[in-house]
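Please look over the model below together with its sequence. The report that accompanies it is meant to be read with both in view.

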Amino acid sequence: MKRSNTAARDAWANEARELGHRLTSAVSVVVLTGAGMSAESGLPTFRGGSGALWNDQRPEDLATPQAFDRDPKLVSTWYRERRVRAAAARPNAGHRALERLAKSLGSFTIVTQNVDGLHAEAGSADVVELHGSIRWSRCIACGDRKRGSLDGPLPDLCACGGLMRPDVVWFGEALSPPVWERAEGSAREASVFIVAGTSAAVYPAAGLVHIAKHAGAFVAEVNPEPTEASAICDLVVRAPVGAFFPELLAVVQQRS
Ligand SMILES: NC(=O)c1ccc[n+]([C@@H]2O[C@H](COP(=O)([O-])OP(=O)(O)OC[C@H]3O[C@@H](n4cnc5c(N)ncnc54)[C@H](O)[C@@H]3O)[C@@H](O)[C@H]2O)c1
Ligand SMILES: [Zn+2]
């Protein structure tokens with residue numbers, strides 16, 4: 001191992017001890033996750049990396065109601081590819097460690113911006129999916145939901161003849177009010193709030209960090225890169241989730 005790596009790991013070990021100590025005395029814990037949570041499962045993030053462009057299209061230009069109106073086949077094809085990849089992906093060590101942390105601690109809520117369903121697949125029970133799930137589709141005419149198709153012609157049609165769209169929240173769309181209320185309520189009540197694998201640039205999701213901070217939570221970030229949330233964090237851990245969360249779990253299990 002290179003010296004710089006060893007130094008980084010020593011720093012994570014100290015940070016895991018500090019955060020682990022906070023977690024064992026916390027009344028309620030919230031973890032807000034983003035695309036970086038699933039990067040080590042092989043699913044690309046939006047900003048930077050190999051997933052930044054798809055057929056010369058930017059995700060920000062495909063994940064909109066206007067794009068779907070204009071070209072439902074194109075948008076459905078992009079989502080089909082992502083759905084197939086998500087179905088083939090497996091939860092990584094970070095997802096698995098969060099699931100076990102939840103079992104070791106009392107109140108533990110995961111609020112995710114991810115639409116890949118990997119937290120649930122890792123066995124996490126209390127997951128708020130802010131932006132819905134690409135594993136599901138819903139009819140734009142009658143609202144019926146069904147499992148998103150993995151093959152067959154696109155765009156997919158409902159039994160009523162309406163177009164099926166992915167059951168996700170697109171740019172420019174509002175979050176489901178009950179889903180947002182759950183997320184906001186848990187952020188307000190959090191004694192420790194961890195923001196992991198998100199650039200914290202997409203609102204209202206990123207606003208949860210501010211809500212938690214103003215309500216008095218200890219806020220920690222886990223991300224190899226600086227983000228828009230870094231400045232208000234009480235603790236910043238520059239590590240990938242797949243390395244840091246298992247270390248954090250080990251600290252918590254030792255203490256409890
Ligand atoms: N897997 C998914 O479901 C998926 C994938 C791409 C985008 N999205 C959607 O795109 C939007 C983009 O916002 P976002 O903030 O979630 O993603 P983002 O692409 O804007 O940012 C990803 C962040 O993850 C960090 N990161 C990369 N690898 C990491 C690792 N191993 N450990 C920890 N952090 C790591 C990066 O430094 C970056 O800050 C969201 O609304 C989300 O719904 C979802
Ligand atoms: Zn229908």
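What follows describes the ligand site, an arginine without a charged partner, the salt bridges, one helix and some backbone features.

This is a predicted model, in which local features need pLDDT of at least 70 and side-chain atom pairs count only at pLDDT 80 or more, whereas totals for chains, interfaces and linings use all residues. Residues are numbered from 1 along each chain as its sequence is written, chains are lettered from A and ligands numbered from 1 in the order in which they are written, and side-chain values use heavy atoms, with hydrogens and water left out. Helices (H or I, at least four residues) and strands (E, at least two) are DSSP runs, numbered from the N terminus.

**The ligand site**

Ligand 1 is surrounded by 25 residues, of which the closest are Arg47, Gln113, Asp116, Thr198 and Ser199; a residue is counted here if one of its heavy atoms lies within 4 Å of the ligand. Several polar contacts (pairs of N or O atoms within 3.5 Å; within protein, one must be able to donate a hydrogen and the other to accept it, and residues adjacent in sequence count only if both atoms are side-chain atoms) can be described. A polar side-chain atom of threonine 198 lies 2.6 Å from an oxygen atom of ligand 1, while a backbone N or O atom of glycine 36 is placed 3.5 Å from an oxygen atom of the ligand. On valine 241 a backbone N or O atom lies 3.0 Å from a nitrogen atom of ligand 1. Taken alone, ligand 1 exposes 850 Å², and the protein buries 90% of that; these accessible areas come from the Shrake-Rupley method with a 1.4 Å probe, and for residues only the protein chains shown count as cover.

**A buried arginine**

Which side chain of opposite charge is nearest to arginine 83? Arginine 83, found in helix H4 (residues 72-88), is buried yet has no salt bridge, and the nearest candidate is aspartate 156, 6.1 Å away. Buried means under 20% relative accessible area, exposed over 50%, and partly exposed in between (1.4 Å probe, protein chains only). For charge, Lys and Arg count as positive and Asp and Glu as negative, while His and the chain ends are not counted. A salt bridge is a side-chain nitrogen of Lys or Arg within 4 Å of a carboxyl oxygen of Asp or Glu. The side chain of arginine 83 does have a polar atom 2.7 Å from the backbone oxygen of isoleucine 134. Contacts of arginine 83 (heavy atoms within 4.5 Å), not counting residues up to four places away in sequence, include Trp136, Gly148, Leu150 and Pro166.

**Salt bridges**

The whole structure holds 12 salt bridges, including the three tabulated here.

| Acidic residue | Basic residue | N to O distance |
|---|---|---|
| Glutamate 99 | Lysine 103 | 2.3 Å |
| Glutamate 121 | Arginine 135 | 3.2 Å |
| Glutamate 221 | Arginine 238 | 3.2 Å |

Glutamate 99 and lysine 103 both lie in helix H5 (residues 93-104), 4 residues apart, about one turn of the helix. Glutamate 99 counts as buried because its relative accessibility is 12%, whereas lysine 103, at 66%, counts as exposed. Glutamate 121 forms its salt bridge with arginine 135; since the former lies in helix H6 (residues 118-121) and the latter in strand E4 (residues 132-139), the pair ties together parts that are 14 residues apart in sequence. Glutamate 121 is partly exposed, with a relative accessible area of 34%.

The bridge between glutamate 221 and arginine 238 links distant parts of the chain, with glutamate 221 in strand E8 and arginine 238 in the loop between strand E9 (235-237) and helix H9 (241-255), 17 residues apart. Glutamate 221 is buried at a relative accessible area of 0%, and arginine 238 is partly exposed at 30%. Salt bridges that share partners join Arg90, Glu121 and Arg135 into one network.

**Helix H8 and backbone features**

In helix H8 (residues 207-214) the buried residues are Gly207, Leu208, Val209, Ile211 and Ala212, and what covers them includes strand E1 (28-33), strand E2 (107-112) and helix H7 (177-189). Glycine 216, which follows H8, has a positive phi near 105°.

Alanine 200 has a positive phi of about 55° although it is not a glycine; it is found in the loop between E7 and H8 and counts as buried at 4% relative accessibility. Proline 204 also has its place in the loop between E7 and H8, and a cis peptide bond with omega of about 5° joins tyrosine 203 to proline 204. The peptide bond from leucine 154 to proline 155 is cis too, with omega near -5°, and proline 155 is placed in the loop between strand E5 (145-147) and strand E6 (164-168).
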